[in-house]
Amino acid sequence: MTTAETRLTIGQLAARFDLNTSAIRYYERQGVLPPPERVSGQRRYGPDAIRRLEVLEIAKRGGFTLDEARLLLDQAAADSLAFEAIRDLAERKLPEIDALIRRAQAMRGWLTTATDCSCASLDVCALFTASTELQHNPITVTQVAGSAHRSA
């Protein structure tokens, strides 16, 4: 394979990762992708851009933000040990994910209870009387005589 064959146009690179070309340009502006070489005015991307987008795709699935993924890529490019950057980011991200899981579990409980609601109006429905309490302290809601009631 020649060098020209390994260089992708912006459209080819975007298609390979199911992205819009505007996302590729955005990643360039944000420093996630290095400025590409140009051939007759067209952007051309090599294996490094492909690898960076692979890492970005996996990092996003792991819950990392674009800034966190860029930090990971920058540290890898600086020849530091990859595991150090990954561990550091993972240790910072885990508490966020734990909080997200707790929130999702509370939401699931609320939605499960809501599937049994038979209240005539939202004004009498206990599902909607403790909205701030639901956000901060998950509660159990049970159906009693056709009306939702809170229980601790």
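How many disulfides does the structure hold? Zero. Keep in mind that this is a predicted model.

Let's look at the cysteines. Take Cys 119 and Cys 125. For Cys 119, the closest cysteine sulfur is the one in Cys 125, and the gap is 3.6 Å. A disulfide needs the two sulfur atoms within 2.5 Å. So 3.6 Å is too far for a bond. Turn it around and start from Cys 125: its closest cysteine sulfur sits in Cys 119. Are these two residues buried or exposed? Cys 119 is buried, at 18% relative accessibility. Cys 125 is buried as well, at 1%.

Next, helix H4. This helix runs over residues 47-61, which is 15 residues. From first C-alpha to last, H4 reaches 21 Å. That is close to the 21 Å expected at 1.5 Å a residue.

Which residues of H4 are buried? They are Ala 49, Ile 50, Arg 52, Leu 53, Val 55, Leu 56 and Ala 59. Note that an arginine, Arg 52, is on that list. Here is some background on helices. An α-helix has 3.6 residues a turn, so residues three or four places apart point the same way. And what do the buried residues of H4 pack against? They pack against H2, H3 and helix H5, residues 66-77.

Just after H4 comes Gly 63. Its phi is positive, about 95 degrees.

Gly 63 turns up again with our next residue, Lys 93. Where is Lys 93? It is in helix H6, residues 82-114. This lysine is buried, with a relative accessible area of 6%. What is Lys 93 in contact with, once neighbours within four places in sequence are left aside? The answer is Gly 62, Gly 63, Phe 64, Thr 65 and Glu 68.

Last topic: backbone angles in the loops. Most residues other than glycine have a negative phi. Two residues here go the other way.

One is Asp 18. Its phi is positive, near 55 degrees, and it is not a glycine. Asp 18 lies in the loop between helix H2 (10-16) and helix H3 (21-29). Asp 18 is exposed, at 73% relative accessibility.

The other is Ser 40. This serine also has a positive phi, about 55 degrees. Ser 40 sits in the loop between strand S1 (37-39) and strand S2 (42-44). Its relative accessible area is 78%, which means it is exposed.

To wrap up: zero disulfides, a buried lysine at position 93, and positive phi at Asp 18 and Ser 40.

Technical notes. Residues are numbered from 1 along each chain as its sequence is written. This is a predicted model: local features need pLDDT of at least 70, side-chain atom pairs count only at pLDDT 80 or more; totals for chains, interfaces and linings use all residues. Side-chain values use heavy atoms; hydrogens and water are left out. Buried means under 20% relative accessible area, exposed over 50%, partly exposed in between (1.4 Å probe, protein chains only). Helices (H or I, at least four residues) and strands (E, at least two) are DSSP runs, numbered from the N terminus. Contact means heavy atoms within 4.5 Å. The expected span of a helix is 1.5 Å times one less than its number of residues.
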